[in-house]
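Visitor: I am new to this one. Please show it to me, and let me ask how each label is earned.

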Amino acid sequence: MRHRTRTALLLASLLPGCYWEPPTGEIMVNTTPPGASCVISQLGKPLGIAEPTPAIAIATLGEAEINVVCRRPGFAEAAVTIPAPLSAATLPGYNPNRRPEIDYNTRVDITMTPAP
């Protein structure tokens with residue numbers, strides 16, 4: 001009985017080390033002209049909204065490219081794709097026991113053109 005209790009307590013003490021929270025980051029969106037509404041998404045799932053621009057959206061980031069689509073009355077819709085970061089597995093000094101950090105270009109400048 002004592003052995004089972006110790007084993008259960010040991011396993012329970014190790015569980016907090018298994019918790020992983022996806023990283024969050026800020027994405028600064030600046031449009032010319034200002035005042036647009038921009039949706040930031042990843043893999044088709046909305047991450048945040050930056051409005052009116054210039055604005056910052058705080059989003060939970062994954063290891064895939066991010067799409068930014070901006071709209072403003074009187075202007076054509078504008079879209080930009082932020083490429084996915086390099087995988088930590090391809091970098092020298094990769095440690096599989098450490099969560100790879102995700103680094104994106106966190107500033108996006110978009111020039112909107114007047115609608116025809």
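Visitor: What makes the pair of Asp 109 and Arg 107 a salt bridge?

Guide: First, a caution: this is a predicted model. Now the pair. The closest N and O atoms of Asp 109 and Arg 107 are 3.2 Å apart. The cut-off is 4 Å, between a side-chain nitrogen of Lys or Arg and a carboxyl oxygen of Asp or Glu. The value lies within it, so the pair counts as a salt bridge. Side chains of opposite charge can pair when their charged atoms come close.

Visitor: How many salt bridges does this rule give?

Guide: Two salt bridges. One of them joins Glu 77 to Arg 71, with the closest N and O atoms 2.8 Å apart.

Visitor: Why is Arg 71 called partly exposed?

Guide: Its relative accessibility is 46%. Buried means under 20% and exposed means over 50%, with partly exposed in between. So Arg 71 gets the middle label. Arg 107 is also partly exposed, at 42%.

Visitor: How do you know that Cys 38 and Cys 70 form a disulfide?

Guide: Their sulfur atoms are 2.0 Å apart. A disulfide needs two cysteine sulfur atoms within 2.5 Å. The pair meets that, so the label holds. The count comes to one disulfide.

Visitor: What does the link of Cys 38 and Cys 70 tie together?

Guide: Cys 38 lies in strand β2, residues 37-42, and Cys 70 in strand β5, residues 66-71. So the pair ties together parts that are 32 residues apart in sequence. The link is right-handed, with 110 degrees about the S-S bond.

Visitor: Are Cys 38 and Cys 70 buried or exposed?

Guide: Both are buried.

Visitor: Which sheet holds β2 and β5?

Guide: An open sheet of four strands, in the order β3-β2-β5-β6, with antiparallel pairing.

Visitor: What makes β3 and β6 edge strands?

Guide: Each has a single partner strand, so one side of each is left without a neighbour in the sheet. Neighbouring strands of this sheet are turned by 20 degrees against each other on average, direction ignored.

Visitor: How do you know that β2 and β3 pair?

Guide: Count the bridges. Pairing needs at least two bridges. β2 and β3 have five, in the antiparallel sense, so they pair. One example is Gln 42, whose bridge partner in β3 is Lys 45.

Visitor: What lies in the loop between β2 and β3?

Guide: Leu 43 is found there. Leu 43 has a positive phi of about 55 degrees although it is not a glycine.

Visitor: Why is Leu 43 called exposed?

Guide: Its relative accessible area is 75%. The label needs over 50%, so Leu 43 qualifies.

Visitor: What is the strand order in the sheet of three strands?

Guide: β4-β1-β7, an open sheet with mixed pairing. The edge strands are β4 and β7, each pairing on one side only.

Visitor: What makes the pairing of this sheet mixed?

Guide: Look at each pair of strands. β1, residues 24-32, runs antiparallel to β4, joined by six bridges. β1 and β7 pair in the parallel sense over five bridges. In the antiparallel pair, Gly 25 stands opposite Ala 59 in β4. In the parallel pair, Val 29 has Val 108 in β7 as its bridge partner.

Visitor: Which residues make up the covered face of β4?

Guide: Ala 55, Ala 57 and Ala 59. The uncovered face has Ile 56, Ile 58 and Thr 60. In a regular strand the side chains alternate between the two faces of the sheet.

Visitor: Why is Thr 53 called buried?

Guide: Its relative accessible area is 4%. Buried means under 20%, so the label fits. Thr 53 is found in the loop between β3 and β4.

Visitor: What makes the link of Thr 53 and Thr 31 a polar contact?

Guide: Their side chains are joined at 2.4 Å. The limit for the N or O atoms is 3.5 Å, so the distance passes.

Visitor: How do you know that the bond from Thr 53 to Pro 54 is cis?

Guide: Omega is about 0 degrees. The peptide bond from Thr 32 to Pro 33 is cis too, with omega near 0 degrees.

Visitor: Which element has the highest mean pLDDT?

Guide: β5, at 94. Helix α1, residues 2-14, has the lowest, at 69. The protein averages 78, and 66% of the residues score at least 70.

Technical notes
Residues are numbered from 1 along each chain as its sequence is written. This is a predicted model: local features need pLDDT of at least 70, side-chain atom pairs count only at pLDDT 80 or more; totals for chains, interfaces and linings use all residues. Side-chain values use heavy atoms; hydrogens and water are left out. Helices (H or I, at least four residues) and strands (E, at least two) are DSSP runs, numbered from the N terminus. Buried means under 20% relative accessible area, exposed over 50%, partly exposed in between (1.4 Å probe, protein chains only). pLDDT is the predictor's confidence in each residue, from 0 to 100. Axes are lines fitted to C-alpha atoms, for helices over the stretch in contact, and angles run from 0 to 180 degrees between N-to-C directions. A polar contact is a pair of N or O atoms within 3.5 Å; within protein, one must be able to donate a hydrogen and the other to accept it, and residues adjacent in sequence count only if both atoms are side-chain atoms.
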